[in-house]
Amino acid sequence: MKQTLLQAVRFAIVGLASNGVGFVMYLALTWLGVGPKLAMSMLFVLGTLQTFIFNKRWSFQYQSKDRGVLWRYLATYAIGYVINLAALMVLVDHVGLPHAIVQGGMILTVAALMFVLQKFWVFAPPSTPVHSSESAR
C-alpha cells in the first residue's frame with residue numbers, strides 16, 4: 001500500500017507537470033486557431049513520449065529489460081487518446097459544452113485510468129515463472 005501511494009504521488013507529479021504545460025499549450029494553440037481535436041492530438045503524442053521515461057524510471061522504478069514495456073505504454077495511451085477524442089467529439093461537438101472545460105476534465109479522467117493501467121499492466125513486476133512440476137498438477 002505504501003509503495004502504491006508513493007507511485008501515485010510520483011505519477012501525479014509527472015502528470016501535473018506534463019499536463020499543466022500541455023493544457024497551457026492546448027489553450028494557446030486553440031487561441032491561435034488550431035482546432036480542439038487537432039491541438040489535443042498533437043499534445044497527446046508529445047506528452048506520451050515525454051512521460052514514458054519519467055514514469056518508467058521514477059514513478060514506477062521499473063528495472064526489467066522487457067522490451068514489451070514501451071508497446072504496453074503506447075497501447076495504454078492509445079486507449080486514453082480514443083477516450084479523450086470521443087469525449088471531445090460527443091461533449092463539445094454534439095452536446096455543446098465548452099472545449100476547455102471538457103478537456104480539463106478529461107485530463108483528470110484519463111490520468112486516473114493511465115495510473116491504473118501502468119501500475120497493474122505496463123510496469124507490473126515480472127511474474128515468477130511456474131516450475132514444470134507445479135504446472136503438471
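Entry 1, a charge and a ring. I looked up K119 in this predicted model and found that its charged end sits over the ring of F120, 5.9 Å from the ring centre.

Entry 2, aromatic pairs. I searched the whole structure for aromatic pairs and obtained twelve. F23 and Y26 form a stacked pair, with 6.1 Å from centre to centre and 10° between the planes. I then asked where F23 and Y26 lie. Both belong to helix α1, residues 2-31, and are three residues apart, about one turn of the helix. I also checked whether each is buried or partly exposed. F23 has a relative accessible area of 24%, so I entered F23 as partly exposed. Y26 has a relative accessible area of 2%, so I entered Y26 as buried.

Entry 3, the aromatic cluster. I noted one cluster formed by F11, F44, F52, F60, Y62, Y73, Y77, Y81, F115 and F123.

Entry 4, helix α2. I compared the span of α2, residues 36-59, with that of a straight helix. Its 24 residues place the end C-alpha atoms only 30 Å apart, short of the 34 Å that a straight helix would reach at 1.5 Å a residue. I next looked for a bend and found one of about 35° at T51. T51 is also among the buried residues of α2, as are F44 and F52. Both F44 and F52 appear in the aromatic cluster as well. Which helices cover the buried residues of α2? I found that the cover includes α1, α3 (68-94) and α4 (99-122). Lastly, I read the backbone after α2, where Q61 follows with a positive phi, near 45°.

Conventions:
Residues numbered from 1 in each chain as written. Predicted model: local features only at pLDDT ≥ 70, side-chain atom pairs only at ≥ 80, totals over all residues. Heavy atoms only, no water. Phe/Tyr/Trp six-rings, centres within 6.5 Å; stacked < 30°, edge-to-face > 60°. Helix = DSSP H or I, 4+ residues; strand = E, 2+ residues; numbered from the N terminus. Buried < 20%, exposed > 50% of the residue type's maximum accessible area, 1.4 Å probe, protein only. Lys NZ or Arg CZ within 6 Å of the ring centre and 35° of its normal. Expected span 1.5 Å × (residues − 1). Bend = angle between axes of the 7 residues up to and from the residue. Contact = heavy atoms within 4.5 Å.
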